[in-house]
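Dear colleague,

I am passing on the structure below, together with some notes on what turned up in it. Please read the notes with the coordinates open beside them.

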Amino acid sequence: MRRLILASAALAALAGPAAAEFALTLLHVNDLHSRLQPISDSDGACPPEADAAGACFGGVARLATLVATRRAAAEAEGRAVLLLDAGDQFQGSPLYTTYKGAAEAEFMEAIGFDAMAVGNHEFDDGPEGLAGFLDAVSFPVISGNIDVSASAPLAGRVAPHAVLEAGGERIGIVSALAVDTVETSSPGPDVVFSDEIESLTAAVAALEAEGVNKIVALTHVGLAKDIRIAGAVPGLDVIVGGHSHTWLSASDPDAAGAYPTVIDGPDGTPVPIVQAYAYGRFLGELHVVFDEAGEVVSFGGDTLPIDASVAPDPEIAARVDELAAPIEALENAVVAESVAPIDGDRADCRTGECEMGNLVADAMLARSRDRGVRIAIQNGGGLRASIDAGPVTMGEVLTVLPFRNALATFRLSGAGVLAALENGLSRVEDRAGRFPQVAGLRFVWDPRAEPGARVVSAEVATEDGWEPLDPEAVYGVATNDYMRGGGDGYAVFAERGTDADDDGPALEQVVADHLAEMGPYEPYTDGRISTR
């Protein structure tokens, strides 16, 4: 049963422990996505002048300051402290695409993280990319529901759980990664996934058999799955989660839910769940008090904003600038102008038509029309930020499209296109990244229908207007090379597409060129995706 946090529990935790009790503060982040530099209010690149004016957020230099401040405050109150990351340090800015995780590893070491969960994007450059990151960090990077024993780069290097010492006590950390990572990233065939709940149950039992009675799940499965885990896995005391980019707060009514969100475990014991949005906008701070038997007696805390009120750590800020210098010329180049903000918000682009989806799909279609392409489909999960009004820099475009995908074209039957749309609409409730943003195509869908039967109608643009999508006809289709290879569940592209060309121009350049050609660009939606 889902319950809101009780005020008395929060106050008891913040009041400090009684004799023989153990007080632990969990500082945590998730889904940083290589936002090592400050970000704008729309989670994109922050122009230096805006940062100087106090209008930006995050960045690892501010994160370092806030972590040090909150760690010192907790220790002064007699609390042990652990700093945890719930996954997805990789992918999201030119700093990642340039340094491939080395920069993220360097700053995590400098800030002093104690453990990290493997996120799905840690596999974006295959097992080899994750292995390089593991080479550079000293803290455990764990995941309990992946078997990497057959993966040469990772065998023996990703433990299912860890035991950390804090304040003289042993804290068990268990972990799980979303099983659809095989569709959303590139773990390869040698990394085998198992059920999250089953693996966590086994991990908790193994730790309890070792005498560990304080157990934290550090997960990268999303809040909805964390809620199910809390209600199903015996012995969990706390869940620190990521993946769904959910902002939980104890103080702001605009947040998506309460911090912590509390679920009754299998034995009726409350299990607090926390998450801290994404991109380094917040630092989560959860205070937990355990009794002598390892039972949680109180908890409370909040997500702390990392804004201009937090002074950047000067050494880390200087190092970020040093790493960014070689790519600043590319990032700062103005490629176009937008007369209004271009909405690329995660919630919008994974549930319906959005302005950024129209921009990217239109750009793909325009660039490939001379190849006979009539339809473009872009996954909403490939759109990672909005763009502010005014001059648009290449850095902003790269923040929207950080994956360095190429434009891909192929031929597919109308029946295949319908199957692709059904895949894209199959997990809207989870805000899965497969949601289809389209151009040259419009469709109506029914969110109340069962997955696989949600498309009500689909039409293709012609010179004379719109005509129904013909299941028997063959259409030229444009997408990105990740989707063309079957990513995000689009197996129909890989299995039934013909005449494929995955070596088109870089998608970020396609979009930058389109913005320049259309400039000043006016963001829009036109009803190409609608519900019944």
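**What was found**

In this predicted model, strands β24 and β25 form a hairpin, with 2 residues joining the one to the other. The two strands, β24 and β25 (residues 465-468), run antiparallel and are held in register by 4 bridges, one of the pairings being that of E459 with P468 in β25. Strand β24 (residues 455-462) also pairs with β23 (residues 441-445), again in the antiparallel sense and over 5 bridges, and there V444 stands opposite S457 of β24.

Elsewhere there is an open sheet of 6 strands, whose order is β5-β4-β3-β2-β16-β17 and whose pairing is mixed. The edges of this sheet are taken by β5 (141-142) and β17 (296-305), each of which has a single partner strand, so that one side of each is left without a neighbour in the sheet. Within the sheet, β2 (residues 22-29) and β3 (residues 80-85) run parallel and are joined by 6 bridges, with T25 placed opposite V81 of β3.

Turning to the helices, the axes of α12 (residues 355-368) and α17 (residues 507-518) come within 9 Å and cross at roughly 90°; since angles of 65 to 115 degrees count as roughly perpendicular, that is therefore how α12 and α17 are described. On the α12 side the contact involves L359, V360, D362, A363, M364, A366 and R367, which meet L507, Q509, V510, V511, D513, H514 and L515 of α17. The residues of this contact between α12 and α17 divide into 9 nonpolar, 2 polar and 3 charged.

With sulfur atoms within 2.5 Å as the criterion, the count of disulfides comes to 2. One of them joins C46 to C56, with an S to S distance of 1.9 Å, and the torsion about its S-S bond is about 85°, so this disulfide is right-handed. C46 lies in the loop between β2 and α2 (48-52), whereas C56 lies in the loop between α2 and α3 (60-76), the two cysteines being 10 residues apart.

A word on confidence: the mean pLDDT of the protein is 94, and 96% of its residues reach 70 or more. Among the elements, strand β11 (residues 238-240) has the highest mean pLDDT, at 99, and strand β1 (residues 2-4) the lowest, at 32. Over residues 1-15 the pLDDT is below 50, although this stretch has 32 contacts in the model beyond near neighbours in sequence. Where pLDDT is low, the predicted coordinates should not be read in detail.

With best regards

Methods. Residues numbered from 1 in each chain as written. Predicted model: local features only at pLDDT ≥ 70, side-chain atom pairs only at ≥ 80, totals over all residues. Heavy atoms only, no water. Pairing = 2+ DSSP bridges. pLDDT = per-residue confidence, 0-100. Contact = heavy atoms within 4.5 Å. Axes fitted to C-alpha atoms, helices over the stretch in contact; angles between N-to-C directions. Parallel < 35°, antiparallel > 145°, perpendicular 65-115°, else oblique. Nonpolar A, V, L, I, M, F, W, Y, C, P; charged D, E, K, R; others polar.
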